[in-house]
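Hi,

Here is the structure I promised to pass on. Have a look at it before reading further, and then see whether my notes help you find your way around.

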Amino acid sequence: MGLIRSPNTRSGDYLEGMLTDYVGGKSKVKVTRSASSRLVTALTCLQFAFAVYATFLLYYMGPAIDLRTAPDFTWAKSFARNMKQFIIPQHVLGHYQESASLLTAEIPPVTPSVVCEHEQIDFSQKKSNDVQMIKLKRELYDEILDFQRKSIGTETLAELMEMKSKWDLRGPNRPKVTVILNHFKRKTLCSQLDSLLQQSLPFHHVWVLSFGSPNELSLRRIVESYNDSRISFISSSYDFKYYGRFQMALQTEADLVYILDDDMIPGRKMLQILSHVAGTEKYKNSVLGSIGRILPFRQKDFTFPSYRKFRSKEAGLYLPDPAYDITVDRIVRVDFLSSSWFLSAELVKTLFIETPFTFMTGEDLHLSYQLQKYRNAGSFVLPVDPKDKDTWGDSEHRLAYVSETTVIFKDIVQVRDDQWWKALTTGYMTQWAAMHPQKIDALFYAHSVDEVVALAPLLEKFRSTVGKKVYIAVSGGSFCPCEDAATALNWPKLVCKERRFKIFDLAIGALSGISNSEVPVVQAVFSSMKGLIKMHNPSVLITVSDIDPHVKKALKMASETNGNGTTLVLLPRPSVSKVLWMADLRSTALPNWNKMRISVNIITQNRVNSLTRLLNSLSNAYYLGDEIPISFNVDSKVDEETIRLVSSFEWPHGPKTLRRRIIQGGLIRAVSESWYPASDDDYGLLLEDDIEVSPYYYLWIKYVLLAYHYDPQVSLPELSSISLYTPKLVEVVKERPKWNATEFFKRIHPNTPYLHQLPCSWGAVFFPKHWREFYVYMNMRFTVDAKANPVQIPKSRTNGWQASWKKFLIDMMYLRGYVSIYPNFPNQASFSTNHMEPGAHISAKNNVVRHNKADFEVPLLKEDFRTLLPNGKLPPASKLPSINLFNQALSLKGLKAAGAKLGQDVLRCDNATEIVHVDPQTGLPQHCAKF
């Protein structure tokens, strides 16, 4: 006190130097360290004794002290009397003693009855006489209650109290509850404290908060008047507004927190009821209260009204609402609570995960939104016993209702409307969303404006396709502002403000801010997209494949949480404009986008130049980011150049495999053993090395599979393969006449795809079920001598083919009515072509058939094929024309009838009505089945 020392001098050194000077004066005599220590100890004790003496002396010298009645400290009393007379005149001393006596006599102890003020409630509860509004509100409440009763179950108060709770309110496991009361001007503090002191479950602490209140002094006096160590007063001249009380709640060591507005006077049993329900397994992860709101429902024009819209059923509900005779007799889940919140201390932290939309209002909605978003926690209004006010959370509801109806200022209503709309569009599952699950075809996500631009063509194709519903979510904040995204899409910026589903601004920056960590971004993207996916149930979630890896993980997790099956589609940017046909697929087919696994299987031996051409064409194709395994199948006589080429070939789309035979097997084994399906979603593309493919070949395969095989609404079990090639000849008859599919089908559509009973060996994808079946069939029917084969198709030159795997596949398809789908474009342009180079068949010594290259080579498609299709898309399966082995028009049923009539399958069946049915997993024939 009053001692100033240099900040550069250590305390010990300073004291030791001072004492050295004191003992030795100006002498330079050196004092030993042990002597200094003893001296310091002695002087410290002396100083303490003097301080005690001075304290007593000053006390007895005080003008209010009458030394005649003080304790008998004779030595001090005598000295103090003399000093007092010397310093203070006798008449002044008498005056002070008299004043002190009067003051003590006049101030009685402060009690609540002296300082308490009470709110005047001189009005009746507001009641509506609007018959239409009463009807609308009641209907909506009944709909909500009926939905919740069926979906999550709703309990009465009695049923809730019968549920098992972790809290033993009468035993040792009694919960500690901290009650937080926030006061500004209202005169209800005494009523609240009186109610809390009478609770059937005693509270642990009560914290009375006064932030920026003009009534701070009177509030403090009230708290002090109760003289209860459990009740504390906490004040600040700064107004922390609505969030301050929740910030204080973070400090409690209690199990549960009960936060009350100053208009809530809880009934005597409220703490007991709330604690019991909070301890049940069903409601332990919840926030409980006595007043809540149901946010607006969507209107007929697909917009959402203001929550304050008058005479509107869609504006939502205020619960309970005495004005419309709505009481809560069963627990009801609401979109947010008002006026009181009861929750575990742990859950309070969730309120501050994201920066609130505003600190001026809306803490009630923000709490419920954050709890659902990050804790999957619900908000519930507890039921009451109408005949027992002790069970009410607001025993004087007129106060709360007046408070609610005062929030009608236009600017405040607009802010709160903006807040709940922001919550809804960032994944908040309101009661409307729960009761009316949406179903959209696609939800796009863009984390930057560049990604918006990349996805725009496909987004607009979806939006312009009749019957399709699609939205886009953008990261928002500094990553991709909604207004910038709208500009990139040529949309008006108003779309970011209107309450209509179109674009969702996730406002990621509200969580991450300037953080350099990826965790806040991942958390925000995951939690928001999870809610949006749950709400809208998109068939696919589409984004670019080069999106930030952390965001990609968040999107993957969000899509996988949806039990209805939303598939994440990652598209390379160059491929986006090439898959506009995606919008023409049914929503039932889209979720299977990633399901198929198509492998490329190349049969090669000693044509290195041909193989190089094929590999170049494969490398230049579009693969949509899919994993495409590639295998090279070579015979024992493979040349060195081919081995070197295969070994050095880089394939970025999937694993590469090389298989080499020890003993020469020939073409029939090389092809048939080049691939075998590992699952029902495993498809094999077989290519000989003299084939060349179009850049669009993979898109054709994927489109056909999704449209005709992976759409649950389509049944086409006869489809066994997909051809990349369009034939120019009728291959199976001796004359081999020329044939043009465009001309043949011109009455239907010149470019319609068609079903053909002939399998393709110049670029085709084979289906797993039928390939297993083919393996078993060829094993049962293989003969070295072609004439010994029991299957002889009338007028087919395939009967004499030897060492041909294709001959056995033709036989099986003919006998069982299977088909392959073929492309059909102008000039017979195809997705593959055969260059007819010398090999095992072409120009072979034992092959008497001479091949004209012009009859087999076709132009490759170098442009997007979608615009060439009928109406710009694949026709429905029922509209696909079909032809038999000899290129004659015949229905699918007719194809089966022809096979059954031949009667040469591995099982004997009725020649008129039955064909062989096989086990789809093994390919083994089981029995005959009617067609």
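Below is what I found, going from the whole chain down to single residues.

First, a word of caution: this is a predicted model. The mean pLDDT of the protein chain is 87, with 85% of its residues at 70 or more. Two stretches deserve care when you look at them. Residues 66-70 have a pLDDT below 50, and in the model this stretch makes eight contacts beyond its near neighbours in sequence. Residues 401-407 also fall below 50, and there the model shows 18 contacts beyond near neighbours in sequence.

Now the overall picture. The protein chain has 931 residues, and 53% of them count as buried. You will find 29 helices and 29 strands along the chain. If you take the contacts between residues at least 6 apart in sequence, 79% of them join residues at least 24 apart. The accessible surface of the chain is about 43,500 Å², and carbon and sulfur atoms account for 55% of that.

The part I spent some time on is an open sheet. It has five strands in the order 14-13-12-15-16, and the pairing is parallel. Which strands stand at the edges? They are strand 14 (503-505) and strand 16 (567-571); each has a single partner strand, so one side of each has no neighbour in the sheet. On average, neighbouring strands here are turned by 25 degrees against each other, ignoring direction.

Within that sheet, have a look at strand 12 (residues 442-446) and strand 15 (residues 540-544), which run parallel and are joined by three bridges. To find your place there, go to F444, which stands opposite I542 in strand 15.

Two helices lie across these strands. Helix 17 (residues 449-464) lies across strand 12, strand 13 (470-474), strand 15 and strand 16, and runs at about 165 degrees to strand 12. Helix 21 (residues 549-560) lies across strand 12, strand 15 and strand 16, at about 150 degrees to strand 16.

Next, some backbone oddities. Most residues other than glycine have a negative phi, and most peptide bonds are trans. With that in mind, three places are worth a click:

- The peptide bond from L319 to P320 is cis, with omega near -10 degrees. P320 sits in the loop between strand 7 (317-319) and strand 8 (332-334).
- N490 is not a glycine, yet has a positive phi of about 60 degrees. You will find N490 in the loop between helix 18 (482-488) and strand 14. N490 counts as exposed because its relative accessible area is 72%, and the cut-off for exposed is over 50%.
- A507 is not a glycine either, and has a positive phi of about 50 degrees. A507 belongs to the loop between strand 14 and helix 19 (509-512). With a relative accessible area of 24%, A507 is partly exposed.

One last residue: D711. Its place is in the loop between helix 25 (697-709) and strand 22 (719-723). Is D711 buried or exposed? D711 counts as buried, because its relative accessibility is 3% and the cut-off for buried is under 20%. Leaving out residues up to four places away in sequence, D711 touches R586, T588, A589 and L706.

Over to you!

Notes
Residues numbered from 1 in each chain as written. Predicted model: local features only at pLDDT ≥ 70, side-chain atom pairs only at ≥ 80, totals over all residues. Heavy atoms only, no water. pLDDT = per-residue confidence, 0-100. Contact = heavy atoms within 4.5 Å. Helix = DSSP H or I, 4+ residues; strand = E, 2+ residues; numbered from the N terminus. Buried < 20%, exposed > 50% of the residue type's maximum accessible area, 1.4 Å probe, protein only. Areas by Shrake-Rupley, 256 points an atom, 1.4 Å probe, with all protein chains shown as cover. Pairing = 2+ DSSP bridges. Axes fitted to C-alpha atoms, helices over the stretch in contact; angles between N-to-C directions.
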